[in-house]
There are 2 protein chains.
Amino acid sequence: MDEIDQTIVNLLRTDGRTSYAELARRVGLTAPSVQDRVTKLEKSGIITGYTALIDAEAIGLGITALIGIIPDNAADHHDICERLRAIPQIESCYFLAGVECYQLKVRVPKMGDLERLIHRVGAIPGVAQTRTTITLSTKWEDRPQPVPFELAD
Amino acid sequence: MDEIDQTIVNLLRTDGRTSYAELARRVGLTAPSVQDRVTKLEKSGIITGYTALIDAEAIGLGITALIGIIPDNAADHHDICERLRAIPQIESCYFLAGVECYQLKVRVPKMGDLERLIHRVGAIPGVAQTRTTITLSTKWEDRPQPVPFELAD
DNA sequence: CTCGACAAGTGGACGAGATCGACCAGACGA
DNA sequence: TCGTCTGGTCGATCTCGTCCACTTGTCGAG
């Protein structure tokens, strides 16, 4: 992971469909060597994939909410995690240091869907309590910050 | 936005670098017409961009935290928002219904960076209090849920 | 019913990009 | 000094992206 790799990663975060030829021009190499570097970045797990960014509202997911989970003492975290993973509406799941030991980011089309979702999460064994906060607006999301300085490979 | 558009969106969310030719094969159209559809999806704001997914730890952003902001009564939200936007470490910013009216997701290399960041956010005029939670692990993040049913265009 | 307009696809042509193998240069250790 | 390894270039070839002309189907107006 040298400076050129960082530039490539930054370019691909800005536009994930940039062609190898274009990347090559930007970093001053040829297309095959850039392709080689990108392949290595993918294999080593630094680049984990590519995705199109979608306006959630435009595809009918107009409601975003954050759900905090307070577990009970007997909670089997591995089990909770698997059950959460099975719920497609949960887009992100963080394990936190605090009383609310999980936070979920969920997206649903309608309020009714959110209500059902909360009940479903609350019914998972080991979940003592949930606390839901509706997001009124998403100011921004998943903004890529440039890859920083010195990195171990 | 018909069924074919939905398939295209789902395919591009799964792999944002899928070629038009490949998309065309998957949906049973020719490449030019798929390209035409994708262009329209981009212009209409449904697809807002493409990005490479990066393992944050691998690029030196080993620490993720959630910061809640409690504003004071005199808070100028537009100003707060702009000042938050100027901080690159804030990857996401949600405006919430609740006492904590913003939640930030931030990523930094080291604890010291997080401390500085918290001070910087706390110093913004209109911010009465902040509450930071460290994430111990990210179970998953930004998992695309398939585009659902009936959609207005 | 016919006509024209429009939206959405198709097919072909051509330039650009992706990809592969062969080759090259510098770094490094035996 | 000599292999060997890494990371690069170059050129050939195949695929892809993109433009344009043409076709088809739908629909409302006359």
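Q: Which DNA strand D atom is 2.5 Å from an N or O atom in the side chain of A:Thr30?
A: This is a predicted model, so the distances here are computed from predicted positions. A:Thr30 is among the residues that surround DNA strand D. At 2.5 Å from an N or O atom of the A:Thr30 side chain, the strand places a phosphate oxygen.

Q: How far does a polar side-chain atom of A:Arg37 lie from a phosphate oxygen of DNA strand D?
A: Let's stay with chain A for a moment. A:Arg37 is listed around DNA strand D, as is A:Lys40. A polar atom in the side chain of A:Arg37 is placed from a phosphate oxygen of that strand at a distance of 2.4 Å.

Q: Which chain B side chain has an N or O atom 2.2 Å from a phosphate oxygen of DNA strand D?
A: Chain B also surrounds DNA strand D, with residues including B:Ser19, B:Tyr20 and B:Arg25. The N or O atom that sits 2.2 Å from a phosphate oxygen of the strand is in the side chain of B:Gln35.

Q: Which helix gives the most to the surface near DNA strand D?
A: Helix H3 (31-43) of chain A, helix H2 (20-27) of chain B and helix H3 (31-43) of chain B are the elements that give two or more residues to this surface. By class, the surface holds 5 nonpolar, 4 polar and 3 charged residues. The top contributor, with 4 residues, is H3(A).

Q: Now for the other strand: what share of the atoms of DNA strand C within 4 Å of the protein belong to sugar or phosphate?
A: Both chains appear around DNA strand C, with A:Ser19, A:Tyr20, B:Leu29 and B:Lys40 among the residues there. Bases make up the rest of the strand atoms within 4 Å of the protein. The share for sugar or phosphate is 76%.

Q: Which chain B residue has a polar side-chain atom 2.9 Å from a phosphate oxygen of DNA strand C?
A: Several side chains have a polar atom placed this way. For A:Arg25 the distance to a phosphate oxygen of DNA strand C is 3.3 Å, and for B:Ser33 it is 3.3 Å. The chain B residue at 2.9 Å is B:Thr30.

Q: Which helix gives the most to the surface near DNA strand C?
A: At least two residues each come from H2 and H3 of chain A and from H3 of chain B. The surface divides by class into 5 nonpolar, 4 polar and 3 charged residues. The helix that gives the most, with 4 residues, is H3(B).

Q: Is the crossing of H1(A) and H2(A) left-handed or right-handed?
A: The axes of helix H1 (residues 3-14) and helix H2 (residues 20-27) of chain A come within 10 Å and cross at roughly 130 degrees. That angle is why H1(A) counts as oblique to H2(A). The handedness of this crossing is right-handed.

Q: How many nonpolar residues are in the contact of H1(A) with H2(A)?
A: From H1(A) come A:Ile4, A:Thr7, A:Ile8, A:Leu11 and A:Leu12, and they meet A:Leu23, A:Arg26 and A:Val27 of H2(A). In this contact, 1 residue is polar and 1 is charged, and the number of nonpolar residues is 6.

Q: At roughly what angle do the axes of H1 and H2 of chain B cross?
A: In chain B, H1(B) passes H2(B) in a right-handed crossing. The residues that meet include B:Ile4 and B:Leu12 in H1(B) and B:Leu23 and B:Val27 in H2(B). The axes come within 10 Å, and they cross at roughly 130 degrees.

Q: Is H2(B) roughly perpendicular or roughly parallel to H3(B)?
A: These two helices have axes 8 Å apart and pack at an angle of about 100 degrees. Because of that angle, H2(B) is described relative to H3(B) as roughly perpendicular.

Q: How many polar residues are in the contact of H2(B) with H3(B)?
A: H2(B) brings B:Tyr20, B:Ala21, B:Leu23, B:Ala24 and B:Val27, while H3(B) brings B:Ala31, B:Val34, B:Gln35 and B:Val38. There are 8 nonpolar residues and no charged ones, and the number of polar residues is 1.

Notes
Residues are numbered from 1 along each chain as its sequence is written. Chains are lettered from A and ligands numbered from 1 in the order in which they are written. This is a predicted model: local features need pLDDT of at least 70, side-chain atom pairs count only at pLDDT 80 or more; totals for chains, interfaces and linings use all residues. Side-chain values use heavy atoms; hydrogens and water are left out. Axes are lines fitted to C-alpha atoms, for helices over the stretch in contact, and angles run from 0 to 180 degrees between N-to-C directions. Angles under 35 degrees count as roughly parallel, over 145 as roughly antiparallel, 65 to 115 as roughly perpendicular and the rest as oblique. A crossing is left-handed if the near helix is turned anticlockwise from the far one by less than a right angle, and right-handed if clockwise. Contact means heavy atoms within 4.5 Å. Ala, Val, Leu, Ile, Met, Phe, Trp, Tyr, Cys and Pro count as nonpolar, Asp, Glu, Lys and Arg as charged, and the others, Gly among them, as polar. A residue is near a molecule or strand if one of its heavy atoms lies within 4 Å of it. A polar contact is a pair of N or O atoms within 3.5 Å; within protein, one must be able to donate a hydrogen and the other to accept it, and residues adjacent in sequence count only if both atoms are side-chain atoms.
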